[in-house]
Each structure stands twice: as structure tokens, then as C-alpha cells.
Amino acid sequence: MEVQEIKQRFGIIGNSPLLNRAINIANQVSPTDISVLITGESGSGKEVFSHIIHQMSPRKHGPFIAVNCGAIPEGTIDSELFGHEKGAYTGAVGERKGYFETVNTGTIFLDEIAEMPLGTQARLLRVLESGQYIKVGSSKVEKTNVRVIAATNVDVYEAVKNGKFREDLYYRLNTVPLRIPPLRDRKEDIYLLFRKFTSDFTDKYRTPPIQLDDEAQQVLVNYSWPGNVRQLKNMAEQLAVLERDRIITAQTLLTYIPHETSNRNLPMRLDNQPKEDFSERDILYKVLFDMKRDMVELKKLVADIIEHGGVAANYSNHSQTINQLYRDIELPGNPEAQFTLQQPVNTVNNNSNNNNVDAYNITHDAEEVEESLSLIEKESDLIRKALKKHKGKRKLAANELGISERTLYRKIKELNL
Ligand SMILES: Nc1ncnc2c1ncn2[C@@H]1O[C@H](COP(=O)(O)OP(=O)(O)O)[C@@H](O)[C@H]1O
Ligand SMILES: [Mg+2]
């Protein structure tokens, strides 16, 4: 089969040479019964490749089972894999079939093979060499015809050197090594994968399409992706469900990247830029978001008033809401200034029958409030609030504001706070 065909059939996204090479190897090895050792970081696609190999092999109509050797307690792994006789050990009430029996004529995928205990390794080696095994507590030799695909995200040879993994088994398994490259070694695939995943998830959840702006694309591609495709897929799902703004900025994207790694892996382009630029933009974003939120609330309020009519009918409620709104906005520069509602009181006294006019009066008021917002004032207000919240601790305040401590220090000086 052609590489492109395989990708299509198994939903494999990506076009990097390293990925194509891995697909080629899988393609060549699948018709044989040779054991394959798949290596690669967590989430890079090892299990996917084990399916591909099985599905493209003559065993495709036989059973396939994935066993995580790291997740089975040492005391039961032999019995799970090879089965046991009745009374083989305390608690072994009945006979049990092992996977090597049930998967006969199929493929077994042994994930985290380096975690396999040494005793089990000996049993496995025997199956690989002769197709023979013995159930726990039995002396009868059984036969099976199972193909083994193993996977690991650690260096098994390291385990061999430390005496934790049998060297003979290592060579036996590693007849054909298949290395799945980490995402950071196939950067050209990252955005392709992201687009595929977000489009799948927005379809699934019936949410509007997601787009990344240029800077966000840079962040995405230059991040180190320690969790590889699995992490990218999870992030795409979260964005598809959570983000209301469907054009994703670098800033938003960074909030989805685990903190301890996000600093180390800031995109090159941003790293080379003077840091201050990005931080200032951060503040501007914050200010704009705040303003947008206030506007949305005002619009909602006005719509509400228009819809439910009669400011007079329900005046006290609305006046409370409006007062609350003003308090939420907390005008910059003059935090002490309390807002009193003058216009609405007048309109109530007007006895006006035209509710829309009341609504417009209120809107007009609100616009005046908005106009007095200056970015600098809003910025210093934000900084003041952050400092107050964190009791003057600059580091925490800077963190909350999404700027560097150094920038915060400079701003405090500049703005004379
Ligand atoms: N090239 C790829 N294209 C599309 N999806 C992929 C690709 N590689 C991995 N995936 C998906 O990423 C997730 C993790 O893959 P998996 O095979 O379980 O990784 P591993 O076994 O290495 O931890 C799965 O949901 C898988 O479908
Ligand atoms: Mg896995």
C-alpha cells in the first residue's frame, strides 16, 4: 500500500519525512510475523502504529489486544498473560485463560515493555522463540501462534545495562525497531494536526470553527509538546469547547500550555523580540477584554430594559443592577468616586410612557462613562488593583497581570504609582 493510502485509511495526519519513514517501515514489516519494538515518547502514536501493523497483516481477522505491562501488578502479570491452573496460587479459584491463549492467531501489543518483571520476560522470550508457554501452576507445555508488538517510551537498552531487562529478549524484540518521532521533531505536522483535531471537535460539539492568529501559530509550532499528539489533541478539544472567541491569540493559547514549560518554550520569534513589547501588548489585551466585557453587560442590560419595558415598573431592580455595574467598572483614576444614578431617576419622574427613550437615556449615560476610560488610567488602575490584591507583592501581581516583574517595576515608576 502507498504511504498516502495508509494515512488515509488509519486517519494519520502529517507529512514529515520522519513520520513517512515510520509508516514505510510499518508497511514493510506488517506482512511478516517479525516482532516489532516501537519506541517513542508518550502520546507520539505508538499504539496507533501497533494497530496499523496488525490491520495490514494477514492476522487482521484474528484478535488484537493491547496490554499495558506497567499497569499490571507484578504478582498477577504472569497469570494474565499466560493463564493459570485451578489452585495455582491462593485465590486462584478457577482456571484462567491467558492473553497468549485468547489472542491465538492474532497480535498482542505489549505496552511499556520495560516495566515487565524479569520472570515474565523469561516466559515471553520462550513464546517468541518457540511459540511455547506454560500456565502458572501447570507443567503442561502449551502452543500458541501470536505476534508480539512491544512499545516503550524509555531507553530499554539502558534497562539492559542496569540488569533490569534481559539482553536476549531485547534483541529478539528489537528485530525491527520502529521509532515514532516526537512532535517537536516534525514541526511541519503540528499545525496540520491541530487543524484536523479542532475541526473534528468543533463538528462533534457543534461549536463554531477555531482559528489561530499568526502569532498563536508560532507559539503552537515552537512549543516542545512533551505530551506529543495526545497533548495537542487534548488542547484542541479544550479550545473547541471553552473559547468563546474563535480567533485564538498567542496569549490565549499560552494559558493552555502548562506553566513550567511555557517559559522555556516560548517561540523563537517572540524570544528574539524585546520582551517589553509582548508585555505591553498583554496589558492592552487585558484592557480591551475588560472593556469588551463591560460593553456586553451594558448591552445586555439595555436589551433587558427594552424587553421588560417600564423602567418605572421595575425601577429599584434596575437601579441596583446599574449601580452594581458601575461599581464593577470601577472607574480608573478615581476609585473613590461613587456613582449615583441621576438620569434614571429623572426618567422615572418624567412619567414617560416611552420606555425606549428611558433605555436610550441610560445607554447614553453609559457611553459617557465609557468615554472617560483612558488606557493609561485603566492600566494603572489594573496595576494598582493587582498590587492591592497581592498585598504589594510585585512578583504575584506581575503574574496576575501577565507581565514580567521587570515590566511591572518600570510601569510603577513610569505611572508614579
Ligand atoms: N499522526 C497522527 N495523526 C492523527 N492522530 C494521531 C497521530 N499520532 C497519534 N495520534 C493520536 O494521538 C493520541 C495518542 O496516540 P497513542 O498511539 O495512544 O500514543 P502512545 O501510544 O505513543 O502514547 C491518540 O488519540 C492517537 O489517535
Ligand atoms: Mg500509549
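In the predicted model, strand β3 pairs with strand β6 (residues 147–152) in the parallel sense, over four bridges. Within this pairing, Phe109 of β3 is placed opposite Ile149 of β6. On another pairing, β3 is joined to strand β2 (residues 64–68) by five bridges, and these two strands also run parallel. Here the residue opposite Thr107 of β3 is Phe64. Strand β3 itself spans residues 107–111 and is mostly covered, with five of its five residues buried. The side chains of Thr107, Phe109 and Asp111 point one way from β3, whereas those of Ile108 and Leu110 point the other way; burial applies to both sets. In a regular strand, side chains alternate between the two faces of the sheet.

Strand β6 is also joined to strand β1, again by four bridges and in the parallel sense. In this pairing Val36 stands opposite Ile149 of β6, the residue that Phe109 of β3 faces in the pairing described above. Strand β1 (residues 36–39) is further connected to β7 through four bridges, and the two run parallel. Two opposed pairs can be named in this case: Val36 with Val176 of β7, and Thr39 with Arg179 of β7. Along β7 (residues 176–179) the side chains alternate, and the two faces differ in burial. Val176 and Leu178 point to one face and are buried, while Pro177 and Arg179 point to the other and are not. In β3, by contrast, the residues on both sides are buried.

The loops that adjoin these strands were examined next. Thr105 lies in the loop between α5 (99–102) and β3. Its phi is positive, at about 75 degrees, although Thr105 is not a glycine. Thr105 is partly exposed, with a relative accessible area of 42%. A positive phi also occurs at Trp225, a residue other than glycine, where the value is near 50 degrees. Trp225 belongs to the loop between α10 (214–222) and α11. Because its relative accessible area is 0%, Trp225 is classed as buried. Most residues other than glycine have a negative phi.

Gly70 is located in the loop between β2 and α4 (74–82). With a relative accessible area of 38%, Gly70 is partly exposed. Gly70 and Asp111 are 41 residues apart along the chain, and their C-alpha atoms are separated by 7.6 Å. Asp111 is one of the buried residues of β3.

Ligand 1 is surrounded by 16 residues, of which Ile13, Gly43, Lys46, Arg230 and Lys233 come nearest. Three polar contacts can be listed, each with an oxygen atom of the ligand. A polar backbone atom of Ser44 is 3.2 Å from an oxygen atom of ligand 1. A backbone N or O atom of Glu47 lies at 3.1 Å from an oxygen atom of the ligand. For Arg230, an N or O atom in the side chain is 2.9 Å from an oxygen atom of ligand 1. On its own, ligand 1 has 560 Å² of accessible area, and the protein covers 84% of this. The space that ligand 1 takes is the second largest pocket. Helices α3 (46–55), α9 (187–205) and α11 (228–242) are the elements that give two or more residues to the shell around the ligand.

Helix α9 also contains Asp203. Asp203 is exposed, with a relative accessible area of 60%, which is over the 50% cut-off for that class. The C-alpha atoms of Asp203 and Ala240 are 9.2 Å apart in space, while the two residues are 37 apart in sequence.

How values were computed. Residues numbered from 1 in each chain as written. Chains lettered and ligands numbered in written order. Predicted model: local features only at pLDDT ≥ 70, side-chain atom pairs only at ≥ 80, totals over all residues. Heavy atoms only, no water. Buried < 20%, exposed > 50% of the residue type's maximum accessible area, 1.4 Å probe, protein only. Pairing = 2+ DSSP bridges. Near = heavy atom within 4 Å. Polar contact = N/O pair within 3.5 Å; in protein donor to acceptor, adjacent residues only side chain to side chain. Areas by Shrake-Rupley, 256 points an atom, 1.4 Å probe, with all protein chains shown as cover. 1 Å grid on protein atoms, 1.4 Å probe; cavity = no way out; pocket = protein on both sides within 12 Å on 5 of 7 lines; lining within 4 Å. Sits in = over half its atoms within 2 Å of the grid points.
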